[in-house]
Amino acid sequence: MREGFPQFCAEFLRFQLTTVRPQLVVTLGPEAADGMAELNGTTSSRIAGEMTIGDLDTYVLSMSHPYGDFNFDDARLKRDADVLSQAWSDAMRIRSSRER
């Protein structure tokens, strides 16, 4: 468990997630992905997938931080956009199946 300010941030993020209850969470960069993994009680982050935090079931997508995008070519940027679009579709499909 992180201490000090990172711990405060994690507690505040958990509060935000349980209050807002988002269908899709997109993390930007490895630190954010690792933080979400810790909230889920795991030690490694996944690129994309379902995650349970407390009583919230959501879909999490880990992407590069925007500062890295300046070094990406057009093919990489398109691939990232396609991954984000697919994650949204997956999150909506999961939501739909839970509402039945």
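Strands β2 and β3 form a hairpin with two residues between them. Gly54 lies in the turn of this hairpin and has a positive phi of about 65°. The model is a predicted one, and the values given here are computed from it. Strand β2 covers residues 48-53 and runs antiparallel to β3, to which six bridges join it. One of the residues in these bridges is Ile53, whose partner in β3 is Leu56. In a regular strand, side chains point in turn to one face of the sheet and then to the other.

Strand β3, residues 56-63, also takes part in the lining of a cavity. A search of the whole structure finds two cavities of 30 Å³ or more. The second largest cavity has a volume of about 40 Å³. Both β3 and α4, the latter made of residues 74-99, supply at least two residues each to its lining. The largest share comes from α4, with four residues. The lining consists of Pro22, Gln23, Asp57, Thr58, Tyr59, Ala91, Ile94, Arg95 and Arg98. By type, the lining of this cavity divides into four nonpolar, two polar and three charged residues.

The elements β3 and α4 appear again in the second largest pocket, where each supplies at least two lining residues. This pocket holds about 150 Å³ of space. Its lining is made up of Ile47, Ser62, Met63, Ser64, Arg76, Arg79, Asp80 and Val83. Helix α4 gives the most to the lining of the pocket, with four residues. Three residues of the pocket lining are nonpolar, two are polar and three are charged.

Arg76, one of the residues that line the second largest pocket, also has a contact with an aromatic ring. The charged end of Arg76 sits over the ring of Phe72, at 3.9 Å from the ring centre.

Pro66 lies in helix α3, which is formed by residues 66-69. Is Pro66 buried, partly exposed or exposed? Its relative accessible area is 37%, and because partly exposed residues are those between the limits of 20% and 50%, Pro66 counts as partly exposed. Pro66 and Ser85 are 19 residues apart along the chain, and their C-alpha atoms are separated by 17 Å.

The aromatic residues of helix α1 come last. The structure holds two aromatic pairs. One of them joins Phe8 and Phe12, whose ring centres are 6.4 Å apart and whose planes differ by 5°. Planes under 30 degrees apart count as stacked, so the pair of Phe8 and Phe12 is a stacked one. Where do Phe8 and Phe12 lie along the chain? Both belong to helix α1, residues 5-20, and they are four residues apart, about one turn of the helix. Phe8 has a relative accessible area of 49% and is partly exposed. Phe12 is also partly exposed, at 41% relative accessibility. Ring pairs link Phe8 and Phe12 with Phe15 into a cluster.

Conventions. Residues numbered from 1 in each chain as written. Predicted model: local features only at pLDDT ≥ 70, side-chain atom pairs only at ≥ 80, totals over all residues. Heavy atoms only, no water. Phe/Tyr/Trp six-rings, centres within 6.5 Å; stacked < 30°, edge-to-face > 60°. Buried < 20%, exposed > 50% of the residue type's maximum accessible area, 1.4 Å probe, protein only. Lys NZ or Arg CZ within 6 Å of the ring centre and 35° of its normal. 1 Å grid on protein atoms, 1.4 Å probe; cavity = no way out; pocket = protein on both sides within 12 Å on 5 of 7 lines; lining within 4 Å. Points joined across faces, edges and corners; volume = space filled by probe spheres on them. Nonpolar A, V, L, I, M, F, W, Y, C, P; charged D, E, K, R; others polar. Pairing = 2+ DSSP bridges.
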